[in-house]
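Ready for some practice with a protein model? Take a look at what is shown here, then try each exercise before you read its solution.

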Amino acid sequence: MELVNFYGVQLLNALWLSALLFMLAVGLSVVFGLLDILNLAHCTLYMIGAYVGYTIAAWLDSYWLALLIAPIAVTAVGAALYVALLRHLRGNHLIQALVTFGLLFVGYDAARMIWGVDQFKVAEPALLSWGLAIFDQKYQVYRLFVLAVGLVTAIGLYLGLERTRLGAIVRAGVDDRETASLLGINIDRAFFIVFCIGTALAGFAGVLAAPIRTVEPGMDVEILIPALVVVVIGGPGSLKGAVLGAVIIGTAETFGPVIVPEFASFIMYAVMAGVLLVRPQGLLPVKPAH
Amino acid sequence: MPARDPLRLPILVLLFGGAVAAALFVDPYRLTIVIEIAILVIFVLSIDFLVGYAGLVTFGHAGFMGVGAYALAYTSHFLGWPTGVSILAAVALGAIAGIVIGALVTRVTGVFFIMVTLAVSMMFWAWASKARKFGADDGLGGMKRMDLKFAGIDLNNDRVFAIVCVVLAVLVYSLFVWLARSPFGQTLKAIKQNENRARAQGCPVQHYKVAAFAIAGAVAAFAGALHLQNTRFVHPEVAHWLRSGEGLIVVIVGGAGTLTGPVIGGFLFVLFHRTVESFTEHWQIWMGLLFVAIVLAAPDGIYGRLTSLVRRKPRVDAPAPAAASATGPIGEAAPRESAGA
């Protein structure tokens with residue numbers, strides 16, 4: 001019974017981490033798969049979300065306002081970045097990677113300039129700062145909240161992609177951009193909206209993570225690597241791939257240190273190497289390999 | 001490519017000569033700058049070989065530097081091997097790591113390649129920052145420099161060490177120029193230009209790419225070993241993504257695929273870093289912005305821009321390309337402008 005309790009808690013931990021990774025990776029993945037833009041600074045936007053969320057939560061003393069306002073602020077930053085820079089780099093992955101890599105440095109140092117090198121924590125909202133009795137212990141409800149938000153996001157994005165007009169436009173644009181344009185569809189506008197949604201999710205994930213993980217400079221790259229791995233193993237551009245990749249990595253990252261502590265830091269990369277050896281295009285690629 | 005460049009020799013003499021002169025005369029603080037430049041130059045040359053010649057844009061090359069530094073620390077500090085042997089072992093391990101990692105990462109291309117190289121190098125960093133034997137993320141001091149006293153060289157004297165480093169940087173530069181001109185280097189360039197054509201002509205593309213990784217890995221491991229010799233302190237930071245990023249930035253800003261460009265970039269980067277650092281601790285933001293500006297404005301880098309400025313002039317009054325090639329600094333057998341890009 002003790003074993004069941006122990007692994008039950010680990011399972012919950014794996015799931016909320018997967019939810020967080022999903023919300024971050026889905027933007028990275030979809031922006032790359034659909035818009036053909038590799039934005040390594042995506043995780044900088046996540047970090048900005050966490051910092052802005054921290055600042056708002058400290059000023060207004062409200063977690064919920066932070067969760068509402070910070071993603072909007074992050075979306076504004078992302079949209080400015082898109083319009084001023086990324087839009088013009090479409091199609092040239094190397095230049096995109098280099099420019100957004102430079103932006104990583106800028107973001108990292110800008111965060112240190114504005115907020116210093118201290119570590120911050122955002123308090124959980126009072127509504128969710130209690131423990132649920134499960135598996136013979138009090139499990140933080142906030143973590144379950146993160147998990148629920150991740151689930152709702154995944155379902156919402158799926159429905160949005162499959163059932164709405166915007167989703168249809170996006171699917172058409174991915175399939176054949178030129179033909180869709182010729183049919184009078186404003187692909188550029190649709191793609192811009194998709195980019196903004198991805199960015200908002202990154203900022204949203206930043207605020208969600210702030211009460212669990214510390215807010216500090218370098219938190220961007222710390223999550224960039226797992227997020228990239230999720231995108232790579234799931235298959236860029238694929239919503240289902242991002243879900244699958246996030247669950248795999250979230251599980252590996254949670255159970256790894258418990259089961260094989262000495263290899264904990266390798267597991268994620270071992271999984272990625274294994275996937276790439278078997279399926280270099282990812283587990284659930286959008287387009288089948290040619 | 002470095003073929004027939006009137007600028008190349010003067011620039012190299014100026015930079016490397018200046019570095020040796022500086023090593024002889026400057027104060028101890030500036031001496032550390034000279035050493036830092038020499039080690040960075042060796043590191044970025046190995047990156048340029050991958051990026052500029054083999055067309056493999058790696059975002060995680062500092063991982064190999066880490067392999068070199070940690071291999072040297074392990075064999076010399078814990079196993080008690082003579083430092084010289086340890087450095088050779090570090091280089092060999094760098095080559096082996098290059099083969100293993102190269103065989104894995106060259107299976108994927110484009111964006112996957114960028115992501116995977118970044119991730120693999122961070123895997124080493126993650127291991128190093130947890131390795132208690134090496135002091136985890138506090139690092140481990142007490143390493144020794146190589147003992148060359150029998151040859152009358154005291155490496156513990158920073159002035160001597162700086163000169164040795166600069167000489168090694170020149171040797172590594174020469175090695176890569178030779179490699180780039182060799183049939184091996186030419187084949188790499190052909191693969192970079194058109195991989196499918198090379199494959200169709202029967203070239204074992206994969207083998208060439210892995211070989212390039214082995215060479216670049218070995219040289220980067222050597223840079224890592226030198227770095228450890230310099231600081232006498234092993235620390236996971238040596239393999240951090242920031243270092244990979246800096247290396248790539250230096251190569252791109254200097255001019256990828258020219259070898260000379262990255263040398264210029266290495267000098268400028270360290271001098272820029274140290275200068276800005278003396279005004280503000282936030283030097284990375286300025287470096288990042290400058291880098292983004294250069295990538296957008298001059299994708300062929302400083303050296304690429306310089307050479308195209310110089311080349312444009314004689315075409316106006318002396319349109320004979322044969323004359324230009326005859327006055328080149330070093331008569332080259334390499335086919336003219338075969339690189340194209």
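**Exercise 1.** Find out how many residues of chain A are in contact with chain B, and which helix of chain A gives the most.

*Solution.* Start with the count: 30 residues of chain A are in contact with 32 residues of chain B. Here, two residues are in contact if their C-beta atoms, placed from the backbone, lie within 7 Å. Next, look for the helices on that side of chain A: α4 (93-115), α9 (219-234) and α11 (264-278) each supply at least two residues. The top contributor is α4(A), with 16 residues. Finally, sort the residues of chain A that touch chain B by type: 25 are nonpolar, three polar and two charged. Nonpolar covers Ala, Val, Leu, Ile, Met, Phe, Trp, Tyr, Cys and Pro; charged covers Asp, Glu, Lys and Arg; the others, Gly among them, are polar.

A quick note on what you're looking at: this is a predicted model, where local features need pLDDT of at least 70 and side-chain atom pairs pLDDT 80 or more, while totals for chains, interfaces and linings use all residues. Residues are numbered from 1 along each chain as its sequence is written, with chains lettered from A and ligands numbered from 1 in the order in which they are written.

**Exercise 2.** Work out how the two strands of chain A are arranged.

*Solution.* First, list the elements: chain A has eleven helices and two strands (DSSP runs numbered from the N terminus, H or I of at least four residues for helices, E of at least two for strands). Their order from the N terminus is α-α-α-α-β-β-α-α-α-α-α-α-α. Now zoom in: β1 (residues 131-134) and β2 (residues 137-140) of chain A pair in the antiparallel sense over four bridges. To count as a pair, two strands need at least two bridges found by DSSP. Across the pair, A:Leu132 is opposite A:Tyr139. Two residues sit between the strands of this hairpin, and A:Phe135 takes a positive phi near 50°.

**Exercise 3.** Check the length of helix α3 of chain B, and decide whether α3(B) is largely enclosed or not.

*Solution.* Take the 17 residues of α3(B) (residues 62-78): at 1.5 Å a residue they should span 24 Å. That rule multiplies 1.5 Å by one less than the number of residues. The end C-alpha atoms of α3(B) are 23 Å apart, which agrees. Then check burial: 15 of the 17 residues are buried, so α3(B) is largely enclosed by the rest of the structure. Buried means that 20 or more other C-beta atoms, placed from the backbone, lie within 10 Å of a residue's own. Just after α3(B), B:Gly80 takes a positive phi of about 70°.

Conventions
Buried ≥ 20, exposed ≤ 12 C-beta atoms within 10 Å, placed from the backbone.
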